[in-house]
Every structure is written in C-alpha cells, then in structure tokens.
Amino acid sequence: MRIDEIEENSGLTGDVDGRPVAVFRGADATYVFENTCPHLHCPLSWNADENAWDCPCHGSQFTPEGKVVRGPARQDLRRLEASIDNGAISLR
Ligand code: FES
C-alpha cells in the first residue's frame with residue numbers, strides 16, 4: 001500500500017507486507033493498525049461520513065487514531081510500527 005492512495009484525513013484498508021492493515025492518514029501523522037476488531041476479530045471498514053473506523057460485525061466504532069468510542073469492543077485498535085519510504089508503507 002502506498003500513502004498517496006489515501007486522501008488526507010481519510011482511512012483505507014488493505015495489505016502491507018502481506019498483513020491486513022487499516023491506515024489513517026492524518027495531516028501530521030499516519031496511523032497503521034492491524035485490521036482486526038479487538039472484539040471478535042472482524043475486519044474494519046473506514047466510515048468517511050463519521051470519520052471513524054467501523055466494525056460491521058457488532059457495531060464497534062473507533063476514532064481515526066484507534067481509540068474505542070463504542071462497544072462491544074473494549075480495547076483500542078492495535079497500532080503497528082510502520083515506516084514510509086518513497087511513499088511505500090512497510091512494517092518494521
Ligand atoms: S467483532 Fe467487531 S464488534 Fe464484534
């Protein structure tokens with residue numbers, strides 16, 4: 001996945017180094033999460049209308065920075081260490 005595939009202040013799901021990820025590109029920072037809901041591990045989707053990560057399985061919602069705002073999930077998203085080199089995102 002490349003950073004220029006993601007609009008600023010928006011999220012995208014995909015693969016990095018063969019691993020499913022959810023990436024939020026903020027104005028000042030990029031957040032790379034494991035794309036699995038902390039509740040029962042469904043993949044997340046980006047909700048542009050509400051500027052949030054949604055879990056389609058049981059309705060958990062997370063901020064762009066991965067903080068849980070609505071359950072049943074009780075934990076934040078798991079952030080992964082990543083780097084961006086020439087626009088390409090890779091995991092450390
Ligand atoms: S697996 Fe995400 S809310 Fe249940």
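Which residue of E3 does Val21 stand opposite? Keep that in mind while you get your bearings; the tour comes back to it shortly.

**Whole chain**

You're looking at a predicted model, so start zoomed out with a cartoon view. Colour by secondary structure and you'll find nine strands and zero helices. Walking from the N terminus, the elements simply read β-β-β-β-β-β-β-β-β. The radius of gyration is 12 Å, close to the 12 Å the globule rule gives for 92 residues, so the chain is as compact as a globular protein of that length.

Now line the view up with the principal axes: the C-alpha atoms fill a box of roughly 40 × 25 × 15 Å. If you colour by burial, 23% of the 92 residues count as buried. For a contact map, take the pairs at least 6 apart in sequence: 36% of those contacts join residues at least 24 apart.

**Stop one: the E2/E3 hairpin**

Select residues 19-25 for strand E2 and 30-34 for strand E3. The two strands pair in the antiparallel sense, over five bridges. Follow the backbone out of E2 and you'll cross a hairpin connection of four residues before reaching E3. Now label Val21 and look across to the partner strand: Glu34 in E3 is the residue standing opposite.

**Stop two: a cis peptide bond**

Jump to Gly71 and Pro72 and show the backbone as sticks. Is the peptide bond between Gly71 and Pro72 cis or trans? It's cis, with omega near 20°. To see the surroundings, add strand E7 (68-70) and strand E8 (82-85) to the selection; Pro72 sits in the loop between these two strands.

**Stop three: two asparagines with positive phi**

Select Asn51 next. Its phi is positive, about 55°, although the residue is not a glycine. You'll find Asn51 in the loop that runs between strand E4 (45-47) and strand E5 (52-54). How many other C-beta atoms lie within 10 Å of Asn51? There are 13, and Asn51 is partly exposed.

Then move along to Asn86, in the loop between E8 and strand E9 (88-91). Here too phi is positive at about 55°, and again the residue is not a glycine. Is Asn86 buried or exposed? With 6 other C-beta atoms within 10 Å, Asn86 is exposed. The cut-off behind that call is 12 or fewer such atoms for an exposed residue.

Methods. Residues are numbered from 1 along each chain as its sequence is written. This is a predicted model: local features need pLDDT of at least 70, side-chain atom pairs count only at pLDDT 80 or more; totals for chains, interfaces and linings use all residues. The radius of gyration is taken over C-alpha atoms; the globule rule is 2.2 Å times the number of residues to the power 0.38. A residue is buried if 20 or more other C-beta atoms lie within 10 Å of its own, exposed if 12 or fewer, and partly exposed in between; C-beta atoms are placed from the backbone. Two residues are in contact if their C-beta atoms, placed from the backbone, lie within 7 Å. Two strands pair if DSSP finds at least two bridges between them.
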